[in-house]
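These are my notebook entries on helix packing and on a handful of single residues. I looked up each point in turn and recorded what I found.

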Amino acid sequence: MIVKTKKYQLETGTYIKMGLIHILKEQWWVIPIALAIMCGYFWIPSIWWIIGALIAYGLYVLFWAIQFTGVTQMEQNKTIFEKLAYEIDSRQILMKINTRQGMPVQWNMIKKAEVKKDAYVLYLSKAQFIHLPFRIFNSENERKFMETILKRKELIK
């Protein structure tokens with residue numbers, strides 16, 4: 001069975017927000033490091049420990065925000081933000097710009113997947129993911145088939 005979705009365009013703002021939230025959840029350990037630096041205040045009492053740790057954490061978040069914003073501006077990534085239709089089967093996901101142009105994504109390229117309340121998110125790397133909202137599927141059966149594939153490929157539980 002092949003699932004053919006409606007055309008969908010991932011907005012750049014949505015991409016940046018989702019990417020930033022994902023990376024901050026994945027790299028949660030940075031917050032305890034910043035808190036440990038702040039604890040330097042108890043060693044040598046100075047407000048600069050706290051200010052320095054907050055600035056460092058702010059720069060860390062800013063670095064990732066710039067990375068995700070940069071991805072949206074790169075020429076080779078422009079196709080990700082065009083209106084695409086997807087053809088999904090057990091071999092691959094075909095991202096189609098039109099009837100003759102498309103890019104296949106093999107299932108082994110996908111590191112993990114998440115089922116959100118309104119979409120599937122397939123992660124290819126830290127900064128690349130495929131966002132498939134439930135509304136682009138033509139029926140509930142197609143959505144369930146997609147979930148079955150994800151379970152079979154052991155990308156979700």
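**Entry 1: a strand residue**

I began with Ile93, which is placed in strand 3, residues 92-96. The model is a predicted one, and I read every entry with that in mind. I asked whether Ile93 is buried or exposed. Its relative accessible area is 0%, under the 20% cut-off, so I recorded Ile93 as buried. I then listed the contacts of Ile93, leaving aside neighbours within four places in sequence. Tyr86, Glu87 and Ile88 are among them, as are Met103, Pro104, Val105, Trp107, Ile110 and Leu122. I also checked Phe81, which is 12 residues from Ile93 along the chain; the two C-alpha atoms are separated by 16 Å.

**Entry 2: helix 1**

I turned next to helix 1, residues 12-26. Helix 1 has 15 residues and reaches 21 Å from first C-alpha to last, close to the 21 Å expected at 1.5 Å a residue. Which residues of helix 1 are buried? I found Tyr15, Met18, Gly19, Leu20, His22 and Ile23. Their cover includes helix 3, strand 5 (112-115), strand 6 (119-123) and strand 7 (129-133).

I followed up His22, a residue of helix 1. Its relative accessible area is 6%, and His22 is therefore classed as buried under the 20% limit. Not counting residues up to four places away in sequence, His22 touches Lys112, Glu114, Tyr123 and Lys126. I also noted Ala127, which is 105 residues from His22 along the chain, with 9.1 Å between their C-alpha atoms.

**Entry 3: helix 3**

I then measured out helix 3 in the model, residues 48-73. Helix 3 has 26 residues and spans 36 Å from its first C-alpha to its last, close to the 38 Å expected at 1.5 Å a residue. I recorded Ala53, Tyr60, Trp64, Ala65, Phe68, Val71 and Thr72 as its buried residues. These buried residues pack against helix 1 and against helix 2 (30-38).

Trp48 also lies in helix 3. With a relative accessible area of 62%, Trp48 is over the 50% cut-off and therefore exposed. Trp48 and Glu147 are 99 residues apart in sequence, and I noted 50 Å between their C-alpha atoms.

**Entry 4: helix 1 with helix 3**

I asked at what angle helix 1 and helix 3 cross. Their axes come within 9 Å and cross at roughly 140 degrees. The two helices are therefore oblique to each other. Helix 1 passes helix 3 in a right-handed crossing. From helix 1, the contact is made by Thr12, Tyr15, Ile16, Gly19, Leu20, Ile23 and Leu24. From helix 3, I listed Tyr57, Tyr60, Val61, Trp64, Ala65, Phe68, Thr69, Val71 and Thr72. By class, the residues of this contact divide into 12 nonpolar, 4 polar and no charged.

**Entry 5: helix 2 with helix 3**

I repeated the look-up for helix 2 and helix 3, which pack at an angle of about 160 degrees with their axes 8 Å apart. Why did I enter helix 2 as roughly antiparallel to helix 3? The angle is the reason, because angles over 145 degrees count as roughly antiparallel. Helix 2 passes helix 3 in a right-handed crossing. Val30, Ile31, Ala34, Ile37 and Met38 of helix 2 meet Trp49, Ile50, Ala53, Leu54, Tyr57 and Tyr60 of helix 3. I counted this contact by class as 11 nonpolar, no polar and no charged residues.

**Entry 6: two residues outside the helices**

I looked up Pro45 in the loop between helix 2 and helix 3. Pro45 is exposed, with a relative accessible area of 63%. Pro45 and Gly58 are 13 residues apart in sequence and 22 Å apart in space, C-alpha to C-alpha.

My last look-up was Glu154, in the segment after helix 4 (140-152). I noted that Glu154 has a positive phi of about 60 degrees although it is not a glycine. Glu154 is exposed, with a relative accessible area of 71%.

Note on methods:
Residues numbered from 1 in each chain as written. Predicted model: local features only at pLDDT ≥ 70, side-chain atom pairs only at ≥ 80, totals over all residues. Heavy atoms only, no water. Axes fitted to C-alpha atoms, helices over the stretch in contact; angles between N-to-C directions. Helix = DSSP H or I, 4+ residues; strand = E, 2+ residues; numbered from the N terminus. Parallel < 35°, antiparallel > 145°, perpendicular 65-115°, else oblique. Left-handed = near helix turned anticlockwise from the far one by under 90°. Contact = heavy atoms within 4.5 Å. Nonpolar A, V, L, I, M, F, W, Y, C, P; charged D, E, K, R; others polar. Expected span 1.5 Å × (residues − 1). Buried < 20%, exposed > 50% of the residue type's maximum accessible area, 1.4 Å probe, protein only.
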